[in-house]
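User: I would like to learn how aromatic rings are arranged in a protein model. Could you guide me through it with a few questions?

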Amino acid sequence: LWVIGCATGEEAYSLAILLKESNLPKNYTIYASDMNARALMTAQQGVYQEKQITQGEINYLASGAQGNFYDYFEKQSDGYHIN
């Protein structure tokens, strides 16, 4: 699966969460690309701030997900790190 124009990675990580929660066999690879090198570095680090995580949880719940969005992140001093 290819996320074109992934910016700072939220879409690629959202796709990974969706696929995990769908209980599909893990026989896929997610590729994420963007023309902005700084955005790709942010995506690769997978560290997001409170505002982004709060909006992510709203979107997660609006999608009908039943899990705990925060299970996918670890809060650290510099932000929330994707697990």
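Analyst: A charge is said to sit over a ring if NZ of Lys or CZ of Arg is within 6 Å of the ring centre and within 35 degrees of the ring normal. The model discussed here is predicted.

User: Which residue lies over the face of Y28?

Analyst: For a lysine, the atom to consider is NZ, with a limit of 6 Å from the ring centre. Here the distance from the ring centre of Y28 is 4.9 Å. The residue over the face of this ring is K26.

User: How are the rings of Y13 and Y48 arranged: stacked, tilted or edge-to-face?

Analyst: A search of the whole structure gives 5 aromatic pairs. In the pair of Y13 and Y48, the ring centres are 6.2 Å apart. Planes over 60 degrees apart count as edge-to-face. The planes of Y13 and Y48 stand at 80°, so the arrangement is edge-to-face.

User: How many residues apart in sequence are the parts that this pair ties together?

Analyst: Y13 belongs to helix α1 (residues 10-21), whereas Y48 belongs to strand β3 (residues 47-48). The pair therefore ties together parts whose separation in sequence is 35 residues.

User: Is Y48 buried or exposed?

Analyst: Its partner Y13 has a relative accessible area of 24% and is partly exposed. The cut-off for a buried residue is under 20%. Y48 has a relative accessibility of 3%, so Y48 is buried.

User: What kind of pair do Y60 and F69 form?

Analyst: Y60 is buried at 8%, and F69 is buried at 8%. Their ring centres are 5.3 Å apart. Their planes are at 45°, so the pair is tilted.

Notes:
Residues are numbered from 1 along each chain as its sequence is written. This is a predicted model: local features need pLDDT of at least 70, side-chain atom pairs count only at pLDDT 80 or more; totals for chains, interfaces and linings use all residues. Side-chain values use heavy atoms; hydrogens and water are left out. Rings of Phe, Tyr and Trp (its six-membered ring) pair if their centres lie within 6.5 Å; planes under 30 degrees apart count as stacked, over 60 as edge-to-face and the rest as tilted. Helices (H or I, at least four residues) and strands (E, at least two) are DSSP runs, numbered from the N terminus. Buried means under 20% relative accessible area, exposed over 50%, partly exposed in between (1.4 Å probe, protein chains only).
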